[in-house]
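Good morning, and thank you for coming. Please take a moment with the sequence and the structure before I begin.

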Number of protein chains: 2
Amino acid sequence: MKGTVFVLSGPAGSGKSTVRQRLMDKGLNFHYSVSDTTRKPREGEVNGVDYTFITKKQFEEGIKNGVYYEHANYTGEYYGTPVSQLLPYIESGVNVILEIEVDGAMQVKAKDKNAVLVMLLPPSYRVLEERLRGRGTESEEKILRRLNRAKDEIRLFDRYDYFLLNEDGKIDECVKQLQMIAETQQYKTKNNPDFPSKFLGI
Amino acid sequence: MKGTVFVLSGPAGSGKSTVRQRLMDKGLNFHYSVSDTTRKPREGEVNGVDYTFITKKQFEEGIKNGVYYEHANYTGEYYGTPVSQLLPYIESGVNVILEIEVDGAMQVKAKDKNAVLVMLLPPSYRVLEERLRGRGTESEEKILRRLNRAKDEIRLFDRYDYFLLNEDGKIDECVKQLQMIAETQQYKTKNNPDFPSKFLGI
């Protein structure tokens with residue numbers, strides 16, 4: 001069986017990086033797809049681990065050369081999944097997890113109908129607002145931009161396959177739910193088109 | 001959230017009754033839909049628990065009066081799911097599990113695109129043959145009929161959403177897998193169309 005592509009999206013403040021890291025820590029059959037980006041590294045981010053940080057020129061060159069499986073421009077910076085982070089793994093039966101924005105998620109689903117799109121959300125918009133303000137590190141303008149972005153994202157809710165709520169203090173449950181979703185994919189008939197001939201021994 | 005309809009199908013010898021009973025024993029939010037049938041009760045079967053045993057005339061009357069959500073004729077006998085075994089439960093948020101043949105399963109999916117169709121299978125046709133012959137209670141003719149029927153059923157493999165293998169001595173795993181499939185349905189966006197407005201508080 002081929003690997004499955006899992007897309008994890010969610011607004012800033014949904015906790016998607018933590019959930020994804022916890023899932024990876026379980027040592028399951030997952031590869032985390034490292035995106036290319038033109039934005040500057042944030043404190044603690046490691047090149048080639050969190051993102052591969054490249055220049056605008058390099059990214060645009062990559063687009064031209066078909067390097068990207070999906071790519072999007074978000075607040076003036078490029079983000080993209082190199083084909084090399086995805087296809088070789090899928091082909092060899094390894095699942096790949098992508099932590100990307102909604103625009104990229106739509107591109108992935110259009111290319112691979114078996115991709116599983118999961119939207120991670122705080123319990124409500126109100127809680128999201130509290131979390132973003134609670135950080136106390138960002139300008140009001142930035143917070144409002146993020147909140148508006150979250151509203152745009154939730155509009156694509158029904159284009160996603162699953163959604164999970166990351167409630168305060170319940171991240172373990174959320175990771176477990178994501179793991180269940182991942183595990184059940186192997187029992188989907190559409191992921192096993194060869195099974196009937198195998199079953200009949202033909 | 002409304003309840004979900006789960007259909008469990010599988011050839012004689014797949015162990016679907018046992019798997020279904022074990023799932024029910026876990027005390028989850030499930031109602032087992034008791035089918036009407038015109039066939040004679042087998043030893044140990046209780047009227048109103050395993051099936052509701054009725055006459056051909058009663059069944060045909062029921063068809064005429066729109067009593068059935070789905071019904072099929074299988075080896076000369078009628079089998080059907082009364083609407084009353086299904087809709088009231090779904091509407092009040094209880095999941096319903098149907099143990100029915102492939103023809104009925106197709107009718108259910110046509111009526112309810114959110115219904116979850118699970119095909120339970122032995123690991124291979126060969127194992128199925130061994131199991132059926134191993135019983136030592138059925139005529140060769142009946143065994144061959146069941147085997148041919150299984151071949152017909154596997155042709156509808158890709159019309160099912162999930163498939164599970166019931167391997168010898170591993171029924172607990174199989175029940176656990178079915179339970180996971182059931183649990184993950186609540187995280188499907190299509191089962192929660194009202195979530196976005198709830199999230200936004202509008």
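I shall go through the domains of chain A, then its core and strands, then the sheet of chain B, and finally the contact of the two chains.

Please bear in mind throughout that this is a predicted model.

Let me begin with the division of chain A. Its two parts are domain 1, covering 1-33 + 94-187, and domain 2, covering 35-85. Between the C-alpha centres of domain 1 of chain A and domain 2 of chain A there are 19 Å. At their contact, eight residues of domain 1 of chain A meet eight residues of domain 2 of chain A. Which element gives the most to the domain 1 side of that contact? In chain A, that element is helix α4, residues 102-111, with four residues. By class, the residues on the domain 1 side are three nonpolar, three polar and two charged.

I turn now to the interior. The largest nonpolar core contains 43 residues, and those with the most contacts inside it are A:Val5, A:Phe6, A:Val7, A:Leu98, A:Val118 and A:Leu178. Strand β8 of chain A, residues 116-121, contributes the most to this core, namely six residues. The core takes at least three residues from each of the two domains of chain A, domain 1 and domain 2.

One residue of this core, A:Phe6, deserves a closer look. Leaving aside residues up to four places away in sequence, A:Phe6 touches A:Asn95, A:Val96, A:Ile97, A:Leu98, A:Val116, A:Val118 and A:Ala182. A:Phe6 also has a bridge partner in β7(A), which is A:Ile97.

That brings us to strand β7 of chain A, residues 95-99. Why is this strand described as largely enclosed by the rest of the structure? Four of its five residues are buried, so the description follows. Strand β1 of chain A, residues 5-9, pairs with β7(A) in the parallel sense over four bridges. Strand β2 of chain A, residues 30-32, is also paired with β7(A) in the parallel sense, over three bridges. Within that second pairing, A:Tyr32 is opposite A:Ile97.

Let us move to chain B. Here five strands make up an open sheet, with parallel pairing, in the order β2-β7-β1-β8-β9. At the edges stand β2 (30-32) and β9 of chain B, each with a single partner strand, so one side of each has no neighbour in the sheet. On average, neighbouring strands of this sheet are turned by 25° against each other, direction ignored. Within the sheet, strand β1 of chain B, residues 5-9, and strand β8 of chain B, residues 116-121, pair in the parallel sense over four bridges. In this pairing B:Val7 is placed opposite B:Leu117 of β8(B). Helix α4 of chain B, residues 102-111, packs on the sheet and touches β1, β7 (95-99) and β8 of chain B. The direction of this helix makes about 160° with that of β1(B).

My last topic is the contact of the chains. How many residues of chain B are in contact with chain A? There are 28 residues of chain B in contact with 28 residues of chain A. On the chain B side, the elements giving two or more residues are α5 (125-135), β9 (162-165), α7 (171-184) and α8 (195-200). The largest share, five residues, is from α7(B). Sorted by class, the chain B side has 16 nonpolar, six polar and six charged residues.

Thank you for your attention.

Key: Residues numbered from 1 in each chain as written. Chains lettered and ligands numbered in written order. Predicted model: local features only at pLDDT ≥ 70, side-chain atom pairs only at ≥ 80, totals over all residues. Core = buried A, V, L, I, M, F, W, Y, C linked by C-beta atoms within 7 Å. Buried ≥ 20, exposed ≤ 12 C-beta atoms within 10 Å, placed from the backbone. Domains from an automatic or database assignment. Contact = placed C-beta atoms within 7 Å. Pairing = 2+ DSSP bridges. Nonpolar A, V, L, I, M, F, W, Y, C, P; charged D, E, K, R; others polar. Axes fitted to C-alpha atoms, helices over the stretch in contact; angles between N-to-C directions.
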